[in-house]
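Hi everyone, thanks for coming along. I'd like to walk you through a structure today, so please have a look at the screen.

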Amino acid sequence: MSAKRIAAANTLSTGLGHRRPRTQSPKHLAFIRTLPCLISGRTDGVEAAHIRYGNPCCGKRATGMGEKPSDMFVVPLHHDLHRTGPDAQHQGNERKFWEKHNIDPCFVALALWAFSGDSETAEIIIRETRRRAVRV
């Protein structure tokens with residue numbers, strides 16, 4: 001699936017004033033949980049972490065209160081980095097969390113979505129993202 005088609009699946013609106021329904025994929029979420037953590041590389045306690053903030057360059061709109069993001073925009077994170085630690089993704093400003101780690105999670109999520117089910121390619125995506133984040 002091309003990046004253009006992936007981004008179009010979750011655009012800001014339908015053009016009629018209605019939001020597109022969120023993409024749900026329990027199979028993709030289960031796949032994400034089998035991958036190493038995007039930040040630490042740990043393989044235990046990995047959760048599917050949804051990205052809540054918007055990124056129009058990826059066709060990702062911001063998610064409102066009480067609304068769950070599309071399963072298309074999810075990355076693997078260890079439990080402590082996802083929601084329990086003091087600097088966890090959901091403990092403060094999510095955009096600053098990702099900036100601190102030098103990672104654009106929306107682009108990573110789209111790449112993982114495009115290769116969902118392909119563990120070898122997904123692990124390369126994660127490894128290269130981690131390598132570049134450390135190097136920057």
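Let's begin with one residue, Phe97, which sits in helix H4, residues 94-100. Please keep in mind that what you see is a predicted model. Is Phe97 buried or exposed? Its relative accessibility is 5%, and the cut-off for buried is under 20%, so Phe97 counts as buried. If you look for Leu81, you'll find it 16 residues away from Phe97 in sequence, with 9.6 Å between the two C-alpha atoms.

Now let's zoom out. The protein chain contains six helices and two strands. Reading along the sequence, you meet them in the order α-α-β-β-α-α-α-α. Of the 136 residues in the chain, 44% are buried. As for what the chain shows to the outside, about 7,600 Å² is exposed, and 54% of that comes from carbon and sulfur atoms.

On to the strands. Strand E1 covers residues 46-50, and it pairs with E2 in the antiparallel sense, over five bridges. To find your place in that pairing, look for Val46, which stands opposite His78 in E2.

How many of the residues in E2 are buried? The strand runs over residues 74-78, and five of its five residues are buried. Here is a reminder that helps with the picture: in a regular strand, side chains alternate between the two faces of the sheet. In E2, one side carries Val74, Pro76 and His78, the other carries Val75 and Leu77, and both faces are covered.

That takes us to the inside of the protein. The largest nonpolar core has 30 residues, and the members that touch the most others are Val75, Leu77, Trp98 and Leu112. Which elements each supply at least two residues of this core? They are helix H2 (26-32), E1, E2, H4, helix H5 (105-114) and helix H6 (119-135). H5 gives the largest share, with six residues.

Let's stay with Leu112 for a moment. What does it contact, once we set aside its neighbours within four places in sequence? The list is His28, Ile32, Leu35, Val74, Pro76, Ala122, Ile125 and Ile126. You may recognise Val74 and Pro76 from a moment ago: they lie on one side of E2, together with His78.

One last number on the chain as a whole. Among contacts with a separation of 6 or more, 66% are between residues 24 or more positions apart.

That's my tour, and I'm happy to go back to any part of the picture.

Definitions and conventions:
Residues numbered from 1 in each chain as written. Predicted model: local features only at pLDDT ≥ 70, side-chain atom pairs only at ≥ 80, totals over all residues. Heavy atoms only, no water. Helix = DSSP H or I, 4+ residues; strand = E, 2+ residues; numbered from the N terminus. Buried < 20%, exposed > 50% of the residue type's maximum accessible area, 1.4 Å probe, protein only. Contact = heavy atoms within 4.5 Å. Areas by Shrake-Rupley, 256 points an atom, 1.4 Å probe, with all protein chains shown as cover. Pairing = 2+ DSSP bridges. Core = buried A, V, L, I, M, F, W, Y, C linked by side-chain atoms within 4.5 Å.
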